[in-house]
Structure formats: C-alpha cells, structure tokens
Amino acid sequence: MNYLSVENISKSFGIKVLFEDLSFGIDQGQKIALIGINGSGKSTLLKILAGIDSPDSGKVTTRKGIRIAYLPQEPDLPLDKTVGEVVFNSDLPELRLIEEYERLTQQISEKPEFQDRLNELMAEIDARNAWEYEVKINQILSKLDVYFLDRKISVLSGGQRKRVAMAQALIYDPDLLIMDEPTNHLDLDSIEWLEKFLATSKQSLILVTHDRYFLDSITNEIYELDRGGIYSYKGNYAYFLEKKAEREMVKLTEADRAKSLFKKELEWLRRSPKARTTKSKSRIDSAMKTKEKSTYKAQDLDVKLQVKGRRIGSTTLEMKHVRKAYGDLTILDGFSYTFNKRDRIGIVGPNGVGKSTFLNMIVGEEQADSGKIRTGETIFYGYYRQEGFNFKDNARVIEVVTEAAEEIELSKSQRVSASTLLEHFLFPRNMHYNLVETLSGGEKRRLHLLRVLMTNPNFLILDEPTNDLDLITLRRLEEFLADFDGCLVVVSHDRFFMDRLVEHMFVFQGEGKIKDFPGSYSNYREWLDAQEAEKLLTETEQNPPAKVVEEENPNPQKNKNRTRKLSYKEKREYEQLEGEIDDMENRKIELDELINSGSTDYEKLTEWAKELESLNQTLEEKTDRYLELMEIVEGE
C-alpha cells in the first residue's frame, strides 16, 4: 500500500538548485534512510514531504487518512506551552484522556479531590481499551527522560526540547514518521532504546541520520540525494558504498565518452556559420548537455591527507585530584589522569553530567575547585565545540579557513593549501568565495571543523563532531583522524565513529564518578552487558523465586484481588512491567539467534547461554508479577 508519492518535484534557493524532477514513493512498512552531503537538500526534502514546505514544481500526494509525524533537526516548539501540552497535542481522543489522566496522577497527592475525576478517566480509558497505549506512552516518556510535564518549554535546553518533540512524534503513533537527525542531543542509552523501538515498529519511516549503526539497524533502503538527483539502494550502508562506487564508475565512463563527443561537437560549432538556424540551435543545446556530462567527477572517498603534526614534548596533560562542582552538581570528584602522546579517548555519559565542562577545564576555560591541571609547553589545543562558533555573515568560505592558516604541512614535507583542504572536505572550488550566510547548518559545522584542523593542533578535542555532518564528510574526517599523530579526546554519541577512533573510554557516571575503561565503546557495552547478566544471576541465586503451592480450596487472597484496586505505586509497576517484559522478550530472541548462528567462539556461546538462562528466570518472575497485577486490574 502506497502512503506517499512524489512526482517530478524541484526546489531551488536563488540560483542554487537543490534537486530537480525527483520522483519516488513510500510504501507501508518501508523504512528509508535519506543521505547526501550537507547542502544537498535533505532537510528541505523532508519538510516538503511533511507539508511544511512546498516544491517549486511537481507535487506530493499522501494517501487519505494516514497520520504523518515530522521531527525536525531543531524543533520550533511554542515557548508558552508546558511539556505536557506539547507532548499530548493531538486530536486523538485516547491521547486526550491519557493526557488528563497523567496530569491528575501527578497532582493527586496534593489534591485528593481529583480522585473522583481520576476514577472516571480510568473507566473511560478502560472502555476504549487504551491502557496498552498508556503503557506505551509512559515507556516513551521514561526512555526519553521526559518527566517534567508541567514545565514550560521556554526554560528547557535545546537537548530537552529535541526529546520533547521526539516524544510528541512517537506518542502520536503515526503511519509515516519523518525524522531529521533524531539521534542529535540524545545520550547513548536513549539512542539504543530508540533504535530498538523503530526497528520493531510497523510504521513507515524516512529519516536523515549520520549514525551508521542506527541506520543499519532500522532501515532497509537508502535514498541518496546527489547533484540534484535521487538514487535508491536496497540494503545497508556497506551495500550502498559498494553500489555507489559502481554507479560512479559508470558515470566516469560516460564522462570520458562525452569528452570525446564534445570535442567533435566543438569542432563543428567552430566551423559552422554564425547564423543561428533552428537546426544549429538544437545542436548547440545538445553540445552543452554533452559538456555537462563530460565534467562529471566522482567523489573519491578513500583519498587520505596525512598531516605532519606539531611536536609533543615529554609532558602532555596531567590532571591530579581535580574537583569541580556547581552547587549540588558534582562534575569531578578527585579525578586523576596523565595523558599520553597518542591517547585516543572517547567520553560518554548521560546529558548534564559535565562532559563539556570537563573539556573546558582541559583548555583552561573553566577552573578547578581544587587539584592541579598541568599542560605541557609544546601542547597546542584544537577545540571543536558543539555550539558557539560564530562567523561573520559577510565573510567568504575561503577567508574563514585562511584566517587559521594559509596552508599546512603534510607528513612527506609537502604542503597543502587551504583551498585544497576545502575541496577534500567537500567544498568545491565554486563554493570557496560564497558568503558564509548562504551555507546550510551542516556546511557551517563542516567549515568550523575545517578551521580547527587548519590550526594543526597536536591535542585535538572534539565535542559532538558528528552532529549534523553528512556521512561522506564523516568518512573523510575518520580517515583524517585515523592518521592524526597527536592526542585525541572525543565526546560523541556516534558509536561507529567512537569504535573506529578511540582506544579507551572515560565513562561519566554522575556525582563526579568517572570510569576509565580500556577499549572501544562496543567493548564497553559488551562488558556492561556481562556485568548486568552476572548481577541478575547472583540476585536470582541469592533470592530464588518462592514456589507457589496451589491449594484445593479457593484462594481468599485471589478473591480479595478481584475486589480491590491497584494502588498508585502498583499501577506504575504494572505499566513498567509490560515494557520490561517486551524488552526481555526481544533480547531473548536475539540470544536465540546468536546461539543458533553457527558461531565457533566457545566463550561467546557460553556467555550467551548463561545470559539466556538468567533472562528466562527473571522473565518468569516478572511475568508472574504482571499477571498478578493484571488480575487485580480486570477485577476492578
């Protein structure tokens, strides 16, 4: 069943053509990743699909009756509304009931007079069979950390607003979900939950994302916007790269043929009379089209620039017993670490635990409350920030980069100019003298990153560098950083990026605690899963589930359950158990597949088997408790 059809749409901004004559469709259950370099029109295309923007020509048709939800990169939420008003802003009657129910349950302890209305709401929700919907909503809100329903949008941070907008889109339960960089501003736990949520949903989906793990887990088709056209690839990101390379080879072959043909056409044009007959005019137009084909250049994704870094002395950076706090929020509590010359450190942790503050302390922009921070005399910092990069709107692209340096030295005593590096990071020469104000958000971030790299630092700090960067640029950046000969510290929620570049992790756990883990992010997750499985196994061994003996006589407690109502605490427990059971069932399926995959890794097989055994025991306990509470609900 087709949900949405795009017929010959085109869009331009001034003289810049984003795309021309695009045609495609989105069917029921289809999950599409939209990729392309920054400035190619991805966000604009999503806005057109969502009905927020209009094409210059062509049309978009949606199937009658389908619900569409759109999550932009930077949500524009009404500042005077509360979180609850935004999240539950919908014409769905079930959602209206649940919104009021959630609001009253938060106020019932202070205003017991609401109890009668709360009982009415419970009856109405029960009549509409909407409790499953209510459980799903609470799961979404809790996983996205959206607990502050009575707070005004105006007091929220950018990251909080993004999570509120995402909760609104998911709770609406649309048939077609359109998402622009959904993982921006989410911590890793939230990203992994969202990944599972979208992968198992039956919704149709089209999204822009730079997260390759996220892309591969969720989508089954890739649409690429490239030089005004659109190309589809059925498969994952690795398949896309393979097929894109094949397409580039075909285009290059066609370009070589076009060059030969254009030479012949040019000779004819030079010999032909100056009079412009209809016949000669059509041939001139044909020659110009041939010329366009002949100038095609492929994107060389594997080219490398090995920059000769600044020398690093014996001392890099030392932090000894460093403490930092803002009121009751402790950022560091006696942190000590001596950085090595080629350390490659990834930093992860929930939002708001002080990761950016830690980076600011390294470069001296924030002072420690106590302890010592000593930077070596030869250290030159390069600091890419999430926010705060300001360009003069009347500045040219090339000027922004040359302000940092005219050229940098490569590892083989060669030098590369600012314009060459601009081209390497996908700023073609025809863009070098464009005004910065004409760039897209992603292009400005790419330019900021390039300016930092042009300073040729030997201690590079990157705070969420992958946000809003396209996948092609990310690959270039990864190649560049893989050969970086200095110390690298990265804060990122992009697991693929972290796995490729970092060798150990600083895990911010809150309350000033930082765990130094030797290994990549995936290594850390495997260790964490093993720790949790071992903990579950230990708890089960120490507290085995009580055996229930069925008596011949009717159980008086069971009869009591049929007449009493759930307490508020039990109601919350009942709601959470369903989500937990679903997560555990999904993990059980994953473990079954892993065990039966034919792996010959005995240690892994043993580990999976132990986890599955522990999971089955815990699942049985939680299911028993869920059924017990369900019996009370049904008896109310």
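This is a short walk through one protein chain, from the whole fold down to a few single residues.

Good morning, everyone. One point before we start: this is a predicted model. 

Let's begin with the overall picture. The protein chain has 636 residues, and 47% of them are buried. It holds 20 helices and 20 strands. Now the contacts. Take those in the chain with a separation of 6 or more: residues 24 or more positions apart account for 70% of them. On the outside, the accessible surface comes to about 32,800 Å². Carbon and sulfur atoms hold 47% of that surface.

Next, the inside. The largest nonpolar core has 55 residues. Which residues have the most contacts inside it? They are Leu 447 and Leu 481. Helix H14, residues 441-454, gives the most to this core, with six residues. A second, separate core has 48 residues. Leu 95, Leu 118, Met 179 and Trp 193 are among them.

Let's go back to Leu 481 for a moment. Set aside its neighbours within four places in sequence. Leu 481 is then in contact with Leu 460, Leu 462, Leu 488 and Leu 501. Phe 497 and Arg 344 are on that contact list too.

Now the cavities. How many cavities of 30 Å³ or more does the structure hold? Three. I'll take the second largest, with a volume of about 40 Å³. Its lining comes from several stretches of the chain's numbering. Leu 34, Ile 35, Gly 36 and Lys 42 are in the lining. So are Glu 181, Val 208, Thr 209 and His 210. Leu 469, Asp 470 and Leu 471 line this cavity as well. By type, the lining divides into five nonpolar residues, three polar and three charged.

One lining residue deserves a stop: Glu 181. Where does Glu 181 lie? In the loop between strand E6, 176-180, and helix H7, 188-200. Is Glu 181 buried or exposed? Glu 181 is buried, because its relative accessible area is 4%, under the 20% cut-off. Its phi is near 50 degrees, a positive value in a residue other than glycine.

His 321 also has a positive phi, about 50 degrees, and His 321 is not a glycine. This residue is found in strand E10. His 321 is exposed, because its relative accessible area is 55% and the cut-off is over 50%.

Stay with strand E10, which covers residues 317-326. Lys 324 is found there too. Lys 324 counts as buried, because its relative accessibility is 8%. So what is Lys 324 in contact with, leaving aside neighbours within four places in sequence? Thr 330, Ile 331 and Leu 332 are in contact with Lys 324. So are Met 361, Glu 366, Gln 367, Ala 368 and Asp 369.

Last stop: Arg 625, in helix H20, residues 602-635. Arg 625 is partly exposed, because its relative accessible area is 24%, which falls between the 20% and 50% cut-offs. Not counting residues up to four places away in sequence, Arg 625 touches Glu 570, Glu 573 and Leu 577. Take Glu 573. In sequence, Arg 625 and Glu 573 are 52 residues apart. In space, C-alpha to C-alpha, they are 9.4 Å apart.

To recap: two separate nonpolar cores, of 55 residues and 48 residues, and three cavities of 30 Å³ or more. Glu 181 is buried, and His 321 is exposed. Thank you.

Terms used. Residues are numbered from 1 along each chain as its sequence is written. This is a predicted model: local features need pLDDT of at least 70, side-chain atom pairs count only at pLDDT 80 or more; totals for chains, interfaces and linings use all residues. Side-chain values use heavy atoms; hydrogens and water are left out. On a 1 Å grid over the protein atoms alone, a cavity is a set of points where a 1.4 Å probe fits but cannot get out, and a pocket is an open set with protein on both sides within 12 Å along at least five of seven lines; lining residues have an atom within 4 Å of a point. Grid points are joined across faces, edges and corners, and a volume is the space filled by probe spheres set on the points. Ala, Val, Leu, Ile, Met, Phe, Trp, Tyr, Cys and Pro count as nonpolar, Asp, Glu, Lys and Arg as charged, and the others, Gly among them, as polar. Helices (H or I, at least four residues) and strands (E, at least two) are DSSP runs, numbered from the N terminus. Buried means under 20% relative accessible area, exposed over 50%, partly exposed in between (1.4 Å probe, protein chains only). Contact means heavy atoms within 4.5 Å. Accessible areas come from the Shrake-Rupley method with a 1.4 Å probe; for residues, only the protein chains shown count as cover. A nonpolar core is a set of buried Ala, Val, Leu, Ile, Met, Phe, Trp, Tyr and Cys residues joined through side-chain atoms within 4.5 Å.
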